[in-house]
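Morning, everyone. I have one structure to go through today, and it is on the screen now.

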Amino acid sequence: FDYDVCNTDILINRLEVQDGKWLLPHGQTYELLALPPVDYMQPEILSRIMQLVRSGATVVGPRPLRSHGLLDADARDREVQELAEQLWGPCNGSTVTRNAYGKGQVIWGESLRDVLKEKGVGPDFTFEGTVGDQNLDFIHRRAGETDIYFIWNMARFPVAGKGIFRQKGK
């Protein structure tokens with residue numbers, strides 16, 4: 001499994017949802033948005049996430065409790081709490097771990113691997129050979145219908161083995 005990090009501009013202005021997946025303008029797709037383990041979020045970001053979840057996206061992560069920053073802190077904290085109540089609903093991360101919202105859902109308190117497995121998504125790349133996966137890293141991109149993997153050996157010695165890719169028939 002691998003991930004990309006996105007900033008506020010990308011989240012608010014460039015991400016869309018198509019067929020339940022997060023989509024960037026150049027065609028890169030993601031199964032879910034994983035939130036960092038923090039209790040704050042700007043109301044503008046939360047509002048955009050709500051729109052995207054309503055359209056069918058999946059978000060995994062904790063409910064924000066407050067805004068970030070001091071400017072109009074009380075009002076912005078209340079806004080975050082109100083928006084989060086709508087999006088997370090009864091989801092508390094322990095006894096209730098999911099909340100449907102529009103066509104999408106929010107998940108809190110389940111592992112990312114379990115959520116991806118449920119969606120039918122296995123590891124993008126694994127390696128069987130003289131070293132385990134921990135010594136190899138990779139980046140996977142698509143150019144049209146072509147999948148491109150850049151794999152590099154982080155060990156200080158040569159490795160030999162078999163790369164196993166999620167992509168089939170290519």
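**A salt bridge, two helices, two sheets**

I start with one pair: Glu-16 and Arg-48 form a salt bridge, with their closest N and O atoms 3.3 Å apart. By salt bridge I mean a side-chain nitrogen of Lys or Arg within 4 Å of a carboxyl oxygen of Asp or Glu. This pair links distant parts of the chain, since Glu-16 is in strand 1 and Arg-48 is in helix 2, 32 residues apart. Over the whole structure, the search finds 9 salt bridges.

A word on the source. This is a predicted model, where local features need pLDDT of at least 70 and side-chain atom pairs count only at pLDDT 80 or more, while totals for chains, interfaces and linings use all residues. Residues are numbered from 1 along each chain as its sequence is written, and side-chain values use heavy atoms, with hydrogens and water left out.

Helices and strands here are DSSP runs, numbered from the N terminus: H or I of at least four residues for a helix, E of at least two for a strand.

Back to strand 1. It belongs to an open sheet of 3 strands in the order 1-2-3, with antiparallel pairing; two strands pair if DSSP finds at least two bridges between them. Strand 1 (16–18) and strand 3 (29–30) are at the edges with a single partner strand each, so one side of each has no neighbour in the sheet. Strand 1 pairs with strand 2 (residues 21–23) over 3 bridges in the antiparallel sense, and Gln-18 has Lys-21 of strand 2 as its bridge partner.

Now helix 2. Helix 2 (residues 43–54) packs with helix 3 (residues 73–88) at about 15°, the axes being 9 Å apart. Axes are lines fitted to C-alpha atoms, for helices over the stretch in contact, and angles run from 0 to 180 degrees between N-to-C directions. Helix 2 is therefore roughly parallel to helix 3, a term for angles under 35 degrees.

Which residues of helix 2 meet helix 3? They are Pro-43, Glu-44, Leu-46, Ser-47, Ile-49, Met-50 and Val-53, where contact means heavy atoms within 4.5 Å. Their partners in helix 3 include Val-80, Leu-83 and Leu-87.

Last, the other sheet. It is open and mixed, with 4 strands in the order 4-5-7-6, and strand 4 (33–34) and strand 6 (98–101) are its edges. Strand 5 (residues 58–60) and strand 7 (residues 104–107) pair in the parallel sense over 3 bridges. Helix 3 lies across strand 6 and strand 7, at about 95° to strand 6.

Note on methods. Parallel < 35°, antiparallel > 145°, perpendicular 65-115°, else oblique.
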